[in-house]
Amino acid sequence: MGQLDQGELPSHASSFGAAADAYAEHRPDYARAAVSWALASAPGPRVLDLGAGTGKLTATLLALGADVVAVEPGAAMLSELRRTLPDVRALPGSAEAIGLPDASVDAVLAGNAMHWFDMAVAGPEIARVLAPGGVLAGLWNVMDDDVDWVSGLARVSGSAVVGPRDTPASWRAETAAMHLPKTGTPALFGSPEQEVFPHGQARTAASLVATLATRAGVLVMPEPEREAALARIRAFLASRPETCEGEFTLPMLTGVLRTRRL
């Protein structure tokens, strides 16, 4: 999705609760190599999944052996996370008010969530809970628009469905100038790094439409506009040999933006 003005952020950020079940069913996980790279320089195994949603990133962190605590502001999303990952410590909270002790984690990761944070407030709060030398990383799943049919899908869908942050080149440009805490005096974080990793998700035409229907820009659309957008996507997928029948792999990349606590 593209850049939102400040008046739009609260409604978009809170839109997922109504679709928590669909989000859990249809949103992709994150490439393991991307999560490993995000954690590569962390000083220890304690990881905060911030804005954890239904636990998509949490599950990958667990599989990699991290000691995870999840923090999520949405009650419905948090309930789904607790249902699917009952052994994870999952707490209500936000990037601006995390609720953990000082220097209590070695890494803070955010999966498709960092663009919702108010970094003027969240930056110092994240720095507070991070141990010295700890890692802050945002991860985003983006569609690989070097693939012809994926590029066509992006054009047909419209920017509210597949926006600038949803393709690799635009993801790099947007995250290079946004999302991380701004340099202050004294600086809290070092220079950022970016990397992308191959990923994919098994989909059918119906389940890809269901996935796109969980995007914030779609969830806040008026009903007629939403149905028209999804109808365009269904027609496009039905017209393409890659997607018109059975299961296919949606070509994706997981992009990572990483910095270190000074």
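Phe197 turns out to be buried, with a relative accessible area of 13%. This value, like the others here, comes from a predicted model. Phe197 doesn't sit alone, either: Trp37 and Phe197 make up an aromatic pair, with 6.1 Å from centre to centre and 50° between the planes, which puts the pair in the tilted class. Trp37 belongs to helix α3 (residues 32-39) and Phe197 to strand β6 (residues 193-203), so this pair ties together parts that lie 160 residues apart in sequence. Trp37 has a charged neighbour as well: the charged end of Arg258 sits over the ring of Trp37, 3.7 Å from its centre.

The structure holds 3 aromatic pairs. Another of them brings Trp149 and Phe248 together edge-to-face, at 5.6 Å centre to centre and with 85° between the planes. Here Trp149 comes from helix α7 (residues 148-157) and Phe248 from strand β7 (residues 248-260), so parts that are 99 residues apart in sequence get tied together. Both Trp149 and Phe248 are buried.

Next come the charged side chains. Side chains of opposite charge can pair when their charged atoms come close. Searching the whole structure turns up 9 salt bridges. One of them is formed by Asp166 and Arg215, whose side chains meet at 2.9 Å, N to O. This pair links distant parts of the chain, 49 residues apart: Asp166 is in the loop between α7 and α8 (168-177), while Arg215 is in the loop between α9 (205-212) and α10 (216-219). Asp166 counts as buried because its relative accessibility of 8% falls under 20%. Arg215, at 15% relative accessibility, is buried too.

Glu223 and Arg226 also meet in a salt bridge, at 2.1 Å from N to O. These two residues are 3 apart in helix α11 (residues 223-239), so about one helical turn separates Glu223 from Arg226. Their surroundings are not alike: Glu223 is partly exposed, with a relative accessible area of 41%, whereas Arg226 is buried, at 18%.

A salt bridge also joins the side chains of Arg240 and Glu242, at 3.0 Å from N to O. Arg240 is buried, with a relative accessible area of 18%, and Glu242 counts as partly exposed, at 32% relative accessibility. Elsewhere, Asp102, Glu125 and Arg128 are joined into one network by salt bridges that share partners.

Technical notes:
Residues are numbered from 1 along each chain as its sequence is written. This is a predicted model: local features need pLDDT of at least 70, side-chain atom pairs count only at pLDDT 80 or more; totals for chains, interfaces and linings use all residues. Side-chain values use heavy atoms; hydrogens and water are left out. Rings of Phe, Tyr and Trp (its six-membered ring) pair if their centres lie within 6.5 Å; planes under 30 degrees apart count as stacked, over 60 as edge-to-face and the rest as tilted. Helices (H or I, at least four residues) and strands (E, at least two) are DSSP runs, numbered from the N terminus. Buried means under 20% relative accessible area, exposed over 50%, partly exposed in between (1.4 Å probe, protein chains only). A charge sits over a ring if NZ of Lys or CZ of Arg is within 6 Å of the ring centre and within 35 degrees of the ring normal. A salt bridge is a side-chain nitrogen of Lys or Arg within 4 Å of a carboxyl oxygen of Asp or Glu.
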